[in-house]
Amino acid sequence: MSTYRPCPACGSESISDLPELAPDPWRIGQCDACALVYLRNPVDYDALEAEDLAWETKFATEAAQREKKRGRLKRFARAVRGIAKRIRGDNQRFYTRLLGTGRMLDIGCANLIRMGPPNVPFGIELSKHFAEGADKVMRAAGGYCLQGAGAERIFDFPENFFDGIVMSSYLEHEVQFPAVLEGAFRALRPGGRIYIRVPNFSALNRKVSGADWPGFRHPDHVTYFTPATLKDTVQRAGFDFKLVNRHKIWLDDNIQALAIKPAA
Ligand SMILES: [Zn+2]
């Protein structure tokens, strides 16, 4: 098990543990300086990749136990969310409205193309299997998909290259999120935008459900953003911040936001 890390956003080592929110051996803490909530002992990505173990295999047992505990009603709610997510995945208009059109990068794209022609689709995907599939389809549409960690591969694209970037259900998994945002700032054209969707730690449902909140996934979710800490995070990387689902955000289990690179 890795040692407990300092705050990944501001570097502070003054962290308050929140033991009621994570079962052993996982440690969730809140930074006393910037209020970020995060997993203090994440699993090493490189070790996982070297062993050629997918998250899904390694933690399948834990996931199965969690499902059992949640019961039927919650599984139903999850199925509905899954359907909604698929519909949204198909809805290119949703992304076009927020990001415009052009060269579009999807980080953590799996084998999906969320933004087809007239966009030129690009991707970064950790799973070799998914990356191969995505690459094939993206090449046919003029783009390509790189396999590897987002925080590393983002720097392999040219500067000021993308018109838009999608990080949907991605940033909460990325241990090195400041690095991926730094790389995204470099790779986006001035005025370009990132669409970010992450679980909302300050949602009413989280406060009511405690450790049973569906946003908790140990250890594959490593950061638990609130609208305030997400705003801090993207502003630290040089972006302007805009909340997409501002209306009743306190009732929403997810945050949807835009990170906008200021026009030159
Ligand atoms: Zn901090």
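**View 1. Glu125 and Gln147 form a bridge pair between strands S5 and S6.** The bridge partner of Glu125 in S6 is Gln147. Ile124 stands opposite Leu146, also in S6. S5 covers residues 120–125, and S6 covers residues 145–147. The two strands pair in the parallel sense over three bridges. Pairing here means that DSSP finds at least two bridges between two strands. Helices (H or I, at least four residues) and strands (E, at least two) are DSSP runs, numbered from the N terminus. This is a predicted model: local features need pLDDT of at least 70, side-chain atom pairs count only at pLDDT 80 or more, and totals for chains, interfaces and linings use all residues. Residues are numbered from 1 along each chain as its sequence is written.

**View 2. Helix H5 links S5 to S6.** The chain leaves S5, passes through H5 (residues 128–140) and enters S6. This β-α-β crossover is right-handed: with the strands pointing away from the viewer, the path from the first strand over the helix to the second runs clockwise. H5 lies across S5 and S6 and runs at about 170 degrees to S5. Axes are lines fitted to C-alpha atoms, for helices over the stretch in contact, and angles run from 0 to 180 degrees between N-to-C directions.

**View 3. S5 also pairs with S4.** S4 spans residues 103–107, and its pairing with S5 is parallel, over five bridges. Asp106 has Gly123 of S5 as its bridge partner. Five of the six residues of S5 are buried. Buried means 20 or more other C-beta atoms within 10 Å of a residue's own; exposed means 12 or fewer, and partly exposed lies in between, with C-beta atoms placed from the backbone. In the loop between S4 and S5 sits Pro118. A cis peptide bond joins Pro117 to Pro118, with omega about 10 degrees.

**View 4. Seven strands make an open, mixed sheet.** The order is S6-S5-S4-S7-S8-S11-S10. S6 and S10 (240–243) are the edge strands, each pairing on one side only. Neighbouring strands are turned by 15 degrees against each other on average, direction ignored. Helix H4 (residues 92–99) packs on this sheet and touches S4, S7, S8 and S11 (254–260). The direction of H4 makes about 130 degrees with that of S8.

**View 5. Helix H7 feeds the largest nonpolar core.** This core has 58 residues. A nonpolar core is a set of buried Ala, Val, Leu, Ile, Met, Phe, Trp, Tyr and Cys residues joined through C-beta atoms within 7 Å. Cys145, Ile165, Met167, Ala184 and Ile196 have the most contacts inside the core. H7 gives the most to it, with six residues. The buried residues of H7 include Phe177, Leu181 and Ala184. They pack against S4, H6 (150–153), S7, S8 (188–199), S9 and H9 (227–236). Leaving aside neighbours within four places in sequence, Ile165 is in contact with Leu105, Ile107, Ala184, Leu188 and Ile194. Contact means that C-beta atoms, placed from the backbone, lie within 7 Å.

**View 6. His173 and Ser169 share the loop between S7 and H7.** His173 counts as buried because it has 21 C-beta neighbours inside 10 Å. Not counting residues up to four places away in sequence, His173 touches Asp220, His221 and Val222. His173 and Val198 are 25 residues apart in sequence and 9.4 Å apart in space, C-alpha to C-alpha. Ser169 has 15 C-beta neighbours inside 10 Å, so it counts as partly exposed. Phi of Ser169 is near 55 degrees, a positive value in a residue other than glycine.

**View 7. His218 and Pro219 are joined by a cis peptide bond.** Omega is about 0 degrees. Pro219 is found in the loop between H8 (204–209) and S9.

**View 8. Lys248 has a positive phi.** The value is near 55 degrees. Lys248 lies in the loop between S10 and S11. With 8 C-beta neighbours inside 10 Å, Lys248 counts as exposed.

**View 9. Four strands make an open antiparallel sheet.** The order is S1-S2-S3-S9. S1 (15–17) and S9 (223–224) are the edge strands. Three bridges join S1 to S2 (residues 28–31). Asp17 stands opposite Gly29 in S2.

Conventions: Contact = placed C-beta atoms within 7 Å.
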